[in-house]
Amino acid sequence: MCTKTTHIDRTAHEPRDNSLYTLLISGIIPITPTIRLFHLSPPPCPSPVPQQPIHFLPGQWVDLYYPPFPPHQKPGGFTITSPPSSLPNYIELAIQSAPSNPPAAYLWKEPPESLLNTPVRVRIGGSFTYPPPPSTAYKKVIFVAGGVGINPIMGMLSHIASLPALEKSKKEVVVLYGMKDSDGVIQAGTTAQALFLDRIAGLFAGEDGLRGGVELFLTGSGSKGGEAGGTGDQVIQAHGVKLPFTKRRIVLGDLEEAIGAGKDEAAVYICGVPSMTDELVEGLTSPTPKGLGMDKRRVLCEKWW
Ligand SMILES: Cc1cc2nc3c(=O)[nH]c(=O)nc-3n(C[C@H](O)[C@H](O)[C@H](O)COP(=O)(O)OP(=O)(O)OC[C@H]3O[C@@H](n4cnc5c(N)ncnc54)[C@H](O)[C@@H]3O)c2cc1C
C-alpha cells in the first residue's frame, strides 16, 4: 500500500478554484543554492488557449501540473509570493529544491533556461489568506514565519505595501522571521541569501513604507534552542531598515510581546513546520493563564509538512 502523502491529499479539505489556467514560465531567478524564483505569465494575446483572467488572494497557493501533463498526474503545491497587483504580468513562486518531489524536481531541471517559455497549468487554492475574516476588526497584524514559511507571508506583505497610503498607515505590521544561519553570514550583515529578507526590509523603508518592523530569529550558529529571553539586542541593516536579531527559535513570549495589550485588536498569521505552528497556535488560543486566550478567528495558520 502506498502511504506517501501528496499536496492534493494534504489539502483535500481546502477550497480550490474550478478553473485550470495555462501559464508560461517567463522568468527563473536562483536566489539561494536551494531556492529558485519562478515568474509564470499568461500567454500573449491572442492566446492559443482561451481562458478567463486569473485571480487570487494574498497567501494562496497553486496546484501545479507540468509537461507532458499525463492523465492522473499529481500536482505540486507551491505558494504565490507576489501580490495580486503583479497580475496581469505574472505570478511568482519560490520553489525549494526537492529531488524526491516530482513537480519540484521538474522545476529544478538543468539548465534552468530550458524551462523558459514552456507551459505549466495551475489551479488556485487555499484559505490562509489576507485580510483576516471580516468579523475580526484589527489594527495590528503579526506575521510569524519559519524558513520557507515566509512564502505566503511575502505575498501578504507585498499586498499590504501596495495599498493606498491612507489605508496602509492604519495598520501596524510586525514580522517575526525565524531562519537558519548555520555559517553566521546573516548575523554578520550579509542578507542576500536569506529568503526575501532584503525585499521585506525594503517594504518597511522610507516614509511610504509599512508601519511596524521586522525581528529576526537566527538558529544554527551558537543559538540557544527554544528558551525565552530578551530579543533584539543585536541589529543588522538592510535598505536602511534596522533588523534586530536574536539567536534562538521564536517562542510564545515573542508573540505576546509583539501583540502587546491589544489581543482583541490583533490578527496573527503563522506559517512554518508543524512543530512550530502547533506550539504557537496552542499557546495563543489556550485560555489564560496557560495561554494568551486569543480568539481563534484571529489566529490563522498554515503548515507545510
Ligand atoms: C499549502 C502548502 C504550500 C506549499 N508551498 C510551497 C512553496 O511555496 N515552495 C516550496 O518549495 N514548497 C512548498 N510546499 C511544499 C511542497 O509542496 C512539497 O511538500 C515539498 O517540495 C517537499 O516535497 P517532498 O517530496 O520532500 O515531501 P512531500 O511533499 O512530503 O512528499 C513525500 C513523498 O510523496 C511523493 N510525492 C509527493 N508529491 C508528489 C507528486 N506530486 N507526485 C508524485 N509523488 C509525489 C514523493 O515520493 C515524495 O517524496 C508547500 C506545501 C503546502 C502543503
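User: In this predicted model, why is glutamate 92 called buried?

Analyst: Glutamate 92 has a relative accessible area of 2%, and because buried means under 20%, glutamate 92 counts as buried.

User: What makes the contact between arginine 199 and glutamate 92 a salt bridge?

Analyst: The side chains of arginine 199 and glutamate 92 meet at 2.9 Å, N to O, and since the cut-off asks for a side-chain nitrogen of Lys or Arg within 4 Å of a carboxyl oxygen of Asp or Glu, the pair is counted as a salt bridge. The pair links distant parts of the chain, with arginine 199 in helix H5 (residues 197–204) and glutamate 92 in strand E5 (residues 91–96), 107 residues apart.

User: Why is arginine 199 described as partly exposed?

Analyst: The relative accessible area of arginine 199 is 33%, and partly exposed covers what lies between the 20% and 50% limits, so arginine 199 is partly exposed.

User: How do you know that aspartate 278 and lysine 303 form a salt bridge?

Analyst: The closest N and O atoms of aspartate 278 and lysine 303 are 2.7 Å apart, and because the limit is within 4 Å, the pair qualifies as a salt bridge. Aspartate 278 belongs to helix H7 (residues 274–285) and lysine 303 to strand E13 (residues 299–303), 25 residues apart.

User: What makes lysine 303 buried, exposed or partly exposed?

Analyst: Lysine 303 has a relative accessible area of 44%, and since exposed requires over 50% and buried under 20%, lysine 303 is partly exposed.

Methods
Residues are numbered from 1 along each chain as its sequence is written. This is a predicted model: local features need pLDDT of at least 70, side-chain atom pairs count only at pLDDT 80 or more; totals for chains, interfaces and linings use all residues. Side-chain values use heavy atoms; hydrogens and water are left out. Helices (H or I, at least four residues) and strands (E, at least two) are DSSP runs, numbered from the N terminus. Buried means under 20% relative accessible area, exposed over 50%, partly exposed in between (1.4 Å probe, protein chains only).
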